[in-house]
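Please look through the model below before reading on. The paragraphs that follow lead from the whole chain to its central sheet, and then to one strand within that sheet.

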Amino acid sequence: MARVGIVMGSDSDLPVMSRAAEVLEKLGVDYEMTIISAHREPDVFFEYARGAEEKGFKVIIAGAGKAAHLPGMCAAIFPMPVIGIPMKTSDLGGVDSLYSIVQMPSGIPVATVAINGGANAGILAAKILATSDAELLKRLKACSEEMKQEVEGKAKKLDEMGYQAYLAQMR
């Protein structure tokens with residue numbers, strides 16, 4: 001049974017939302033992903049949000065751009081955590097989405113990650129679930145250790161090569 005719902009308002013959000021899915025897959029967390037427009041198909045949206053708990057979702061990750069109502073509306077209906085991902089837009093660079101998601105009224109919180117922060121949304125969802133899942137917590141700790149070792153490896157390589165050679169290799 002999927003423990004995380006991933007919902008986006010448009011298929012143009014898929015590259016960012018797929019980063020959340022990739023993280024969840026790596027950590028062994030089941031999820032379900034879909035596209036629903038809160039503005040263009042409100043009846044479908046309300047059915048999704050109302051049925052999410054019954055489906056077994058413990059967290060919803062919702063991405064939206066421009067007016068960005070999808071995460072806040074999920075939070076208004078779904079009784080458990082909602083993580084909002086503001087999408088970068090061509091109009092205002094995602095700041096409009098960020099403000100729409102982060103400025104929720106009292107009592108309707110949305111945990112908000114950075115603009116286009118799909119990977120962090122996946123990690124945050126896993127951390128929320130790990131509060132009651134010891135095996136997932138172990139996998140998260142291992143993932144953190146991998147990231148640490150990766151950075152240490154890059155630092156060692158920089159020390160050995162010097163910054164000019166390292167930079168040239170990156171290009």
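**From the whole chain to one strand**

In this model, which is predicted rather than determined by experiment, the mean positions of the 18 positive and 21 negative charges of the protein lie 6 Å apart. The C-alpha atoms fill a box of roughly 60 × 40 × 30 Å along the principal axes, and the protein exposes about 9,700 Å², of which carbon and sulfur atoms supply 55%. Of the 171 residues, 37% are buried. If one takes the contacts between residues at least 6 apart in sequence, 65% of them join residues at least 24 apart.

The protein has 7 helices and 5 strands, and from the N terminus on these elements follow the order β-α-β-α-β-α-β-α-β-α-α-α. How are the strands ordered in the sheet? The 5 strands form an open sheet in the order β2-β1-β3-β4-β5, with parallel pairing. Its edge strands are β2 (31–35) and β5, each of which pairs on one side only. In general, the strands of a sheet pair through backbone hydrogen bonds, in either the parallel or the antiparallel sense.

Moving inward, strand β1 (residues 4–8) pairs with β3 in the parallel sense over 5 bridges, and within this pairing Val-4 has Val-59 of β3 as its bridge partner. Strand β3 (residues 59–64) also pairs with β4, again in the parallel sense and over 5 bridges, with Ile-61 standing opposite Ile-83 in β4. The path between these two strands passes through helix α3 (residues 69–77), and β3, α3 and β4 together make a right-handed β-α-β unit.

On to the next pairing: β4 is joined by 2 bridges to strand β5 (residues 111–112), and the two strands run parallel. Here Gly-84 stands opposite Thr-112 in β5. Helix α4 (residues 95–102) belongs to this part of the chain, where β4, α4 and β5 make a right-handed β-α-β unit.

Is strand β4 largely enclosed or open to its surroundings? Because 5 of the 5 residues of β4 (residues 82–86) are buried, the strand is largely enclosed by the rest of the structure. In a regular strand the side chains alternate between the two faces of the sheet. For β4 both faces are covered, since Val-82, Gly-84 and Pro-86 on one side and Ile-83 and Ile-85 on the other are all buried.

Methods: Residues are numbered from 1 along each chain as its sequence is written. This is a predicted model: local features need pLDDT of at least 70, side-chain atom pairs count only at pLDDT 80 or more; totals for chains, interfaces and linings use all residues. Side-chain values use heavy atoms; hydrogens and water are left out. Helices (H or I, at least four residues) and strands (E, at least two) are DSSP runs, numbered from the N terminus. Buried means under 20% relative accessible area, exposed over 50%, partly exposed in between (1.4 Å probe, protein chains only). Contact means heavy atoms within 4.5 Å. Accessible areas come from the Shrake-Rupley method with a 1.4 Å probe; for residues, only the protein chains shown count as cover. Lys and Arg count as positive and Asp and Glu as negative; His and the chain ends are not counted. The place of a charge is taken as NZ of Lys, CZ of Arg, CG of Asp or CD of Glu. Two strands pair if DSSP finds at least two bridges between them. A crossover is right-handed if, with the strands pointing away from the viewer, the path from the first strand over the helix to the second runs clockwise.
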